[in-house]
Every structure is written in C-alpha cells, then in structure tokens.
Amino acid sequence: MARIGFIGLGNMGLPMAQSLLKAGHQVEGVDVSAAAVDKLKAAGGVGVETAKTAAARADVVITMLPSGKEVREVYLGSSGIIENANAGTLLIDCSTIDVETSRAVASEAEKKGLLMLDAPVSGGVGGATAASLTFMVGGSAQAFARAESILQKMGKTIVHAGGAGNGQAAKICNNMILGVSMIAVSEAFVLAEKLGLDHQKLFDISSKSSGQCWSMTSYCPVPGPVPTSPANREYQAGFTAAMMLKDLKLSQDAAKNSGTKTELGADAARIYSQYVASGEASRDFSGIIRFIRG
Ligand code: NAD
C-alpha cells in the first residue's frame with residue numbers, strides 16, 4: 001500500500017481521500033483549513049502541516065485544489081511539492097485548471113525527474129463519494145501505468161487522453177458541451193411552457209428523439225422527469241453555477257489562445273456569468289433555467 005500525500009481536502013478532495021483510506025492506503029492530508037484536515041483525521045487519515053512535508057514523505061502526491069493559482073503555489077518554488085519530493089514520487093493533479101499551467105507544472109516536474117499527471121475528474125461530489133468518478137488523464141504512459149490502480153480506487157472510468165495537459169483539455173471541452181447543452185435544454189423547456197406543452201411530454205419525446213443528451217436524460221432541469229436531478233430539490237448543488245462558469249472561462253481562454261471559433265461556448269460563458277452575477281453562484285448550474293425563464 002502506498003503512502004499518499006493528499007493536498008486540498010475540500011468537497012471533492014475529502015471523499016476522494018476517504019476512498020483511498022478505505023482501500024488501505026496511508027493518507028497524509030494537507031489543507032489551509034484545519035477543519036478539513038480534522039475531517040480526514042476522523043476518517044483514519046493523518047494530518048500534515050505543509051505540502052512540503054507531505055511531499056517529502058510520500059510515494060504519491062495527489063492535489064485537488066480550486067484553480068491554477070493554488071496549483072502553482074503548491075507545486076512550484078522552494079517550499080513546493082516538486083522541490084521537496086523524492087526521486088520516483090508520482091504526482092497527480094486532479095484539480096480542474098488551465099492547460100497552460102498544467103503543462104508548465106508538468107514540465108518543471110519532468111526537469112526534476114518526477115512523474116506527473118494531470119487527472120481532472122467528472123462526476124461531482126456524488127461521484128467522489130461513491131468512488132465512481134471519471135478521470136481524464138494527461139501525461140506519460142509510464143506515469144499512467146503507475147497511477148491507474150490508485151485512480152481505480154476513486155473512480156470507475158479512467159481514460160489516458162495523451163500527453164501532459166490533455167486531461168485538462170478533455171475536461172474543458174467536455175464541460176463546454178455540458179454548459180451549452182444545459183442552456184439549450186433549458187431554453188427548450190421554457191419555450192415548451194410558453195407553447196402549452198407539458199414538461200413530462202417534452203421529456204418523453206426528446207429523451208427518445210434527436211434532442212436526447214445528458215442534460216435532458218440524466219440531469220433534467222425541470223422537476224419531475226428525472227427524480228435525482230437537482231431541479232427536484234430547489235437546484236441545490238451538485239455542480240455549482242460558479243464552477244460551470246470557471247470551466248467555461250477556461251475553455252474560452254483556451255479557444256482564444258488556440259485561435260478556435262467557439263461561438264456557442266462564448267455565449268454560454270456570457271449567460272452563466274450573468275446568472276452567477278444575479279446572486280446564484282452557489283446554486284446548481286441547472287438552475288440556469290430559472291434565469292432563462294426570467
Ligand atoms: P473546494 O473549494 O471545496 O476544495 C478546495 C480545497 O483546497 C479547500 O478545502 C481549500 O481549503 C483547499 N486549499 C486551497 N488552497 C490551498 C493551499 N494552498 N494548500 C492546501 N489546501 C488548499 O473545491 P472542490 O469542489 O473540492 O473542487 C476542487 C477542484 O475539483 C476544482 O478545481 C474544481 O473545479 C474541481 N471539480 C469540482 C467538482 C465539484 O462538483 N465540486 C467536480 C469536478 C471537478
């Protein structure tokens with residue numbers, strides 16, 4: 001069993017770390033929030049003061065941090081993971097961040113002879129708790145081969161997407177589809193209301209027709225057709241509108257930097273930005289239907 005340093009024990013990181021504990025790994029956790037570290041300790045983990053100490057002791061370091069800024073802080077510099085990890089340590093960043101930062105950090109790790117992967121996830125807090133996440137992994141085949149058995153303890157689907165940064169590329173492309181499709185499905189339900197067409201009837205037809213998609217059949221933005229969707233509990237998140245906006249901004253930055261025309265992605269970023277500004281940042285992203293309804 002591995003000694004795993006786990007940095008970032010928030011909504012996602014804590015249940016992921018708990019899955020590793022359940023699988024018999026030793027988990028040494030770090031978080032700027034003492035309360036988060038206490039929760040790991042209560043689950044049988046060990047609390048460590050700094051990322052530097054955790055990195056120096058670990059066989060594997062996993063990070064689950066809010067954004068590229070924190071990832072740079074924690075990996076780079078003299079107190080960072082890369083400077084303090086022992087040769088042969090495997091580094092796995094599961095945060096959703098920009099492709100540029102991901103590739104820059106991986107390149108620093110490589111210079112020090114460390115194996116590094118970007119492995120952002122899909123599946124949310126529910127998937128983290130059930131250990132059924134999807135991991136989209138970027139990095140060398142050698143690093144992927146070493147990481148696979150550890151990722152399997154936290155997820156069900158693990159896909160090697162190519163070299164460094166390709167996991168992040170997959171994540172932001174996927175979430176651009178999700179943001180656009182949630183708006184499209186929501187607009188269709190609001191139009192149906194105006195036309196006197198029942199929600200359930202539109203669902204019964206579209207879920208079996210060419211309008212079928214995950215936003216319709218698994219995460220339906222109106223209450224009723226899919227009992228597990230957040231629409232049935234006042235759009236309590238789930239995946240917050242703020243997180244969706246963050247991912248849409250990442251895909252827009254990537255589109256700009258790569259000269260890619262993504263007009264619907266840009267519209268989705270603008271619409272989610274307005275929704276978040278309306279005071280709904282912590283609401284589930286499917287609550288966008290209420291904003292569209294006006
Ligand atoms: P969160 O804010 O709940 O957790 C982040 C944790 O990192 C917090 O506990 C925070 O205290 C800690 N932290 C911040 N800076 C730190 C530092 N310098 N050193 C140590 N700890 C630090 O966020 P989350 O919901 O767990 O999301 C984490 C990542 O996963 C994000 O990149 C997010 O985009 C991605 N993600 C989230 C979801 C979701 O549904 N929540 C789904 C998929 C992907």
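## Close-up views of a predicted two-domain model

Leaving out neighbours up to four places off in sequence, Ser186 has contacts with Pro221, Ile288, Ile289 and Ile292. That is where our tour of this predicted model starts.

**View 1. Ser186 sits buried in helix α9.** The helix here, α9, covers residues 166–194, and Ser186 is part of it. Ser186 counts as buried because its relative accessible area is 0%. Take a look at its side chain: a polar atom there lies 2.8 Å from the backbone oxygen of Met182. Around Ser186 you'll also find the contact partners we opened with, including Pro221 and Ile288.

**View 2. Domain 1 meets domain 2.** Stepping back a little, the domain assignment splits the protein into domain 1 (3–162) and domain 2 (169–293). Their centres, taken over C-alpha atoms, are 29 Å apart. How many residues of each domain are in contact with the other? It's 11 from domain 1 and 8 from domain 2. Together the two domains bury about 760 Å² between them, with carbon and sulfur atoms giving 64% of that area. On the domain 1 side, Thr96, Val99 and Met136 supply 51% of the area buried against domain 2, more than any other three residues.

**View 3. A look at what holds polar company across the domain interface.** Count the salt bridges between domain 1 and domain 2 and you get 0. Polar contacts do turn up, though: 3 residue pairs make them across this interface. On the side of domain 1 that touches domain 2, the elements giving two or more residues are α6 (99–111) and β7 (121–122). That side is made up of 6 nonpolar, 3 polar and 2 charged residues.

**View 4. Helix α1 is largely enclosed.** Why can we say that about α1? Of its 10 residues (13–22), 8 are buried, so the rest of the structure largely encloses this helix. Among the buried ones are Gly13, Leu14, Pro15 and Met16, and also Leu20 and Leu21. Just past the helix, Gly24 takes a positive phi of about 100°. Zoom in on Ser19, which is in α1 as well. Ser19 counts as buried, at 6% relative accessibility. Skipping residues up to four places away in sequence, Ser19 touches Ala128, Ala131, Lys153 and Met154.

**View 5. The loop between α11 and α12 has some unusual-looking backbone angles to check out: Glu234 and Tyr235 have positive phi.** Start with Glu234, found in the loop between α11 and α12. Its phi is positive, about 55°, even though Glu234 is not a glycine. Tyr235 is in that loop too, and this residue, also not a glycine, has a positive phi of about 60°. Are these two buried or exposed? Glu234 counts as exposed at 53% relative accessibility, whereas Tyr235 counts as buried at 5%. Further along, the peptide bond from Ala237 to Gly238 is cis, and its omega is near 10°. Gly238 belongs to the loop between α11 (214–217) and α12 (241–258).

**View 6. Arg57 and Glu28 pair up in a salt bridge.** The structure holds 12 salt bridges, and this is one of them, with N to O at 2.7 Å. The pair links distant parts of the chain, 29 residues apart: Arg57 is in helix α3 (residues 51–57) and Glu28 in strand β2 (residues 26–30). Arg57 is partly exposed at 37% relative accessibility, while Glu28 is buried at 2% relative accessible area.

**View 7. Lys69 and Glu73 make a salt bridge within helix α4.** Here the closest N and O atoms are 3.4 Å apart. The two residues are 4 places apart in α4 (residues 68–75), which means about one helical turn separates them. Lys69 is exposed, with a relative accessible area of 55%.

**View 8. Arg293 reaches Glu193 through a salt bridge.** The closest N and O atoms of this pair are 2.7 Å apart. Arg293 lies in helix α14 (residues 288–293) and Glu193 in helix α9, so the salt bridge ties together parts 100 residues apart in sequence. Both ends are partly exposed: Arg293 at 34% relative accessibility, and Glu193 with a relative accessible area of 29%. Elsewhere, salt bridges with shared partners join Glu234, Glu280, Arg283 and Arg290 into one network.

How values were computed. Residues are numbered from 1 along each chain as its sequence is written. This is a predicted model: local features need pLDDT of at least 70, side-chain atom pairs count only at pLDDT 80 or more; totals for chains, interfaces and linings use all residues. Side-chain values use heavy atoms; hydrogens and water are left out. Domain bounds come from an automatic or database domain assignment. Contact means heavy atoms within 4.5 Å. Buried area is the accessible area (1.4 Å probe) that two parts lose on being put together, summed over both. A salt bridge is a side-chain nitrogen of Lys or Arg within 4 Å of a carboxyl oxygen of Asp or Glu. A polar contact is a pair of N or O atoms within 3.5 Å; within protein, one must be able to donate a hydrogen and the other to accept it, and residues adjacent in sequence count only if both atoms are side-chain atoms. Ala, Val, Leu, Ile, Met, Phe, Trp, Tyr, Cys and Pro count as nonpolar, Asp, Glu, Lys and Arg as charged, and the others, Gly among them, as polar. Buried means under 20% relative accessible area, exposed over 50%, partly exposed in between (1.4 Å probe, protein chains only).
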